[in-house]
Each structure stands twice: as structure tokens, then as C-alpha cells.
Amino acid sequence: MKNGSTSVSVKDLSLSFGAVSVLKTLSLDVHQGEFLVLLGPSGCGKSTLLNCIAGLLDVSGGQIFINGKNVTWEEPKDRGIGMVFQSYALYPQMTVQKNLSFGLQVAGMNKAEIAQRVARAAEILQIEPLLTRKPSELSGGQRQRVAIGRALVRDVDVFLFDEPLSNLDAKLRGELRVEIKRLHQRLGNTMLYVTHDQIEAMTLADRIAVMKGGVIQQLDAPQAIYSRPVNRFVAGFIGSPGMNFLDGRVETNSAPAFKADGVSVDLSRYDFAARDGIERTVQFGVRPEHIEIGDAAVAMPCTDEVEVEIVEPMGSDTIAWTRIGSQAFTFRADAELNLAEGQPIRLGFDAARASLFDAATGDRI
């Protein structure tokens, strides 16, 4: 990522379909050479934002700049972007080579330049043996490589990906995800990538924009979003299994503490945004992978004795379900521990790795 220069800039963008507001005065700057992921649930506006940048949707308000040029009302072909769709969008009657070259032929490019670009894209994506085949003769992963190649031959500065891996099986998604990351490292182009898959977002992105209801909730590096989510929504959306949430209250009698269901958590190591007015009803969040168990739990600042209710073996580790008081709680453990349902076990965690959210607003405290 080349710091200091902006590749794509969205300023106060709004989009409405009738009375329904899909994007709400949204602003976003994408750095030159950055891999930025738009992440969120279905209907949050991430694909809509990408389609606005691509010129496939007319905006209701605001402006879009690509490499400093105002392209708000430019045609998609004049925006200097290459787009990869979820559905591949290949021409079924054409060979792979024709699919890659067709757009360049329509644009009037000379044959030598077309051949050079097609050969380069095929070499980068390792699809040279497939050039004479038609899409019906390709696997899903091969079709998606061709779709990426069709964007690649345009030789543009900005690539837009709209959930390109969602039609593939889990193994193929993992393999192609690595290929896309390798492609970005090799080319250094700006890439905007839409997904609802947090694994894709965490592994691919330089920065993630988590969206909800047409608004960017948090824009930051993957680790920052994971470690310090700005609100309850972001905290719950990132992480698998999801963050544990306990309803309770912060009290400050002698020292700040979280109280819930007979459990008291010392908050002296918690990093409050401000120390004033922290006494309130809250949700206390801690990730399952930050829970220590057994002998290791004894040394932690906060501990509690629980009973294992459900065990989910995951191969390399195990997810266990239990309760703290009346509230559901999960933790991740080493698979070799052989946890059993009904087994009593001590849990422990450090409030320094936890998150507190205002029960009314959902904002981080």
C-alpha cells in the first residue's frame, strides 16, 4: 500500500430506491495500492456501494473520485476500473481466450497488444492450458480465474470484486483466496472487495470497512477491528465462534467492576475511553479464544467454576458451551483435553482483553 495518495474517494454518497435509503451520506477514502474489504451482512449496502463506484448505479447524492478524477456521472468503461462479479458473467459460446480478449477488441485495441495482455493475464492466473476451452468445460474455480483475468487484461489501476468466491465450495474458496492475495502482492493495484465472510475479510484486507444499514460502522486494520471493536454490532460480527456477551452493570464502589449473575469482574486493567460516567448498564464481551481453563485459569484476574453443557470437536481444537449464571458462554480449548458434557471446569480471563458496550447505545465504553 502506497501511503499518502488516494486512489478512490467517496464523498457524502447517498442512494435511495424510492423511500428506502440504502446508502446514507457515506464517505470513504481508499489509498493507492490498498486492499480494502467492504464487510457486512446481506442488505447492509456493501454491494450497492461497489456498484456505485463502478458506475452501475446512479447515485442520489454525493461524488465519486478515481485517481483524482470526478467520475460520478461517467460511464463504467470510462472509470478506469476492472470488475469481477459473483456470477462469473462469462460468454458461454466463447473460449477462454475469446472471453479475455473480447472487451479489448470492442475497444479497438490492436491485435498484438491484445495478445500480449491475454498472455500476461493467463500466465499470472495460471490458466494458460485452459485458453481453448469454453466455460462449460471449466470448474467453478477455473471460471472465476477467467473472470478475474477478464478484469486483469484491462490494465487498470482499480479492481472491484463483488463476492467473487461465494459460489465456490469451502476448499476452493480457501485456495482462490490465497491466489487473490498473491495477485494483489504481485500487481500492487488498488482493490475493493465485497464479502459477508469475515475470514475472507480478515485474511485479505489491509483495512476493513464494516457496514450496517448503509453506514460504515468501523474502518480499520483487521487486528484493530478484532481487538477493539467500536460497538456491539462490530464485536458480534467479527470472530468465529462469536464473542461472548454478558448482561450486567459497571459499578465503582472501591474500584470499577462488572457485576452480573453473581459474577464480579475486576475492571482495573480495562482500558476505558473515559473514566467519567462509567457506572451504567452494559454488555461485557470476551472472545472464546481468550478464555483460559483448568490450572491456567487460576492465575487469571477473573475466574469462575462452570459445567460443560455441549462439546463441539473442531479437529485442531474444541468449542465448548457452558453458562455463567443464566447466560450462555463459550470457550475454545485444545482438542487433546477431551472435554465431556457435565464436566466441571474452571474458567479464567483477563478484563484487559475484554470489551464493554453501553447497553442502550451499543457503543464501546
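**Close-ups of a predicted model**

**View A. The β12–β13 hairpin and its turn.** Strands β12 and β13 make a hairpin, with 2 residues between them. Look at D261 in that turn: its phi is positive, at about 50°. Keep in mind that everything shown here comes from a predicted model. The two strands run antiparallel and are stitched together by 4 bridges. One pair to pick out is K259 with its bridge partner S264, which sits in β13.

**View B. One hairpin back, β11 and β12.** Here β12 (residues 257-260) pairs with β11 (residues 244-251), again antiparallel, through 3 bridges. This pair is a hairpin too, and 5 residues lie between its strands. To get your bearings, find E251 and follow the pairing across to A257, its bridge partner in β12.

**View C. S9 and its surroundings.** S9 is part of strand β1, which covers residues 2-17. Is this serine buried or exposed? With a relative accessible area of 6%, S9 falls under the 20% cut-off, so it counts as buried. Which side chain does S9 reach for with its own? That would be D29: the two side chains share a polar contact of 2.6 Å. Setting aside neighbours within four places in sequence, the contacts of S9 are L28, D29, Q63, I64 and F65. So D29 turns up both in this contact list and as the polar partner of the S9 side chain. As background for reading any strand view, side chains in a regular strand alternate between the two faces of the sheet.

**View D. The largest cavity.** There are 2 cavities of 30 Å³ or more in the structure, and this view shows the largest, at about 50 Å³. Its lining is made up of L246, V263, S264, V265, C302, T303, D304, I324 and F349. Two strands, β13 (263-266) and β16 (302-307), each bring at least two residues to that lining. You've already met S264 in View A as the bridge partner of K259; here S264 helps to line the cavity. By class, the lining residues come out as 6 nonpolar, 2 polar and 1 charged.

**View E. The second largest cavity.** This one holds about 30 Å³ of space. Around it you'll find L125, R145, I148, L176, E179, I180 and L183. Where View D featured strands, the elements to look for here are helices: α4 (140-152) and α5 (170-187) each give at least two lining residues. Which of them gives the most? It's α5, with 4 residues. The class split for this lining is 5 nonpolar, no polar and 2 charged.

**View F. The largest pocket.** Now for an open space: the largest pocket has a volume of about 660 Å³. Its lining takes in 24 residues, and those nearest the centre are K77, I81, G103, R150 and R154. Strand β6 (81-84) and helices α2 (96-106) and α4 each contribute at least two residues, with α2 taking the largest share at 5. Helix α4 thus has a part in two of these views, as it lines both this pocket and the cavity in View E. Sorted by class, the pocket lining has 18 nonpolar, 2 polar and 4 charged residues.

Technical notes:
Residues numbered from 1 in each chain as written. Predicted model: local features only at pLDDT ≥ 70, side-chain atom pairs only at ≥ 80, totals over all residues. Heavy atoms only, no water. Buried < 20%, exposed > 50% of the residue type's maximum accessible area, 1.4 Å probe, protein only. Polar contact = N/O pair within 3.5 Å; in protein donor to acceptor, adjacent residues only side chain to side chain. Contact = heavy atoms within 4.5 Å. 1 Å grid on protein atoms, 1.4 Å probe; cavity = no way out; pocket = protein on both sides within 12 Å on 5 of 7 lines; lining within 4 Å. Points joined across faces, edges and corners; volume = space filled by probe spheres on them. Nonpolar A, V, L, I, M, F, W, Y, C, P; charged D, E, K, R; others polar. Pairing = 2+ DSSP bridges.
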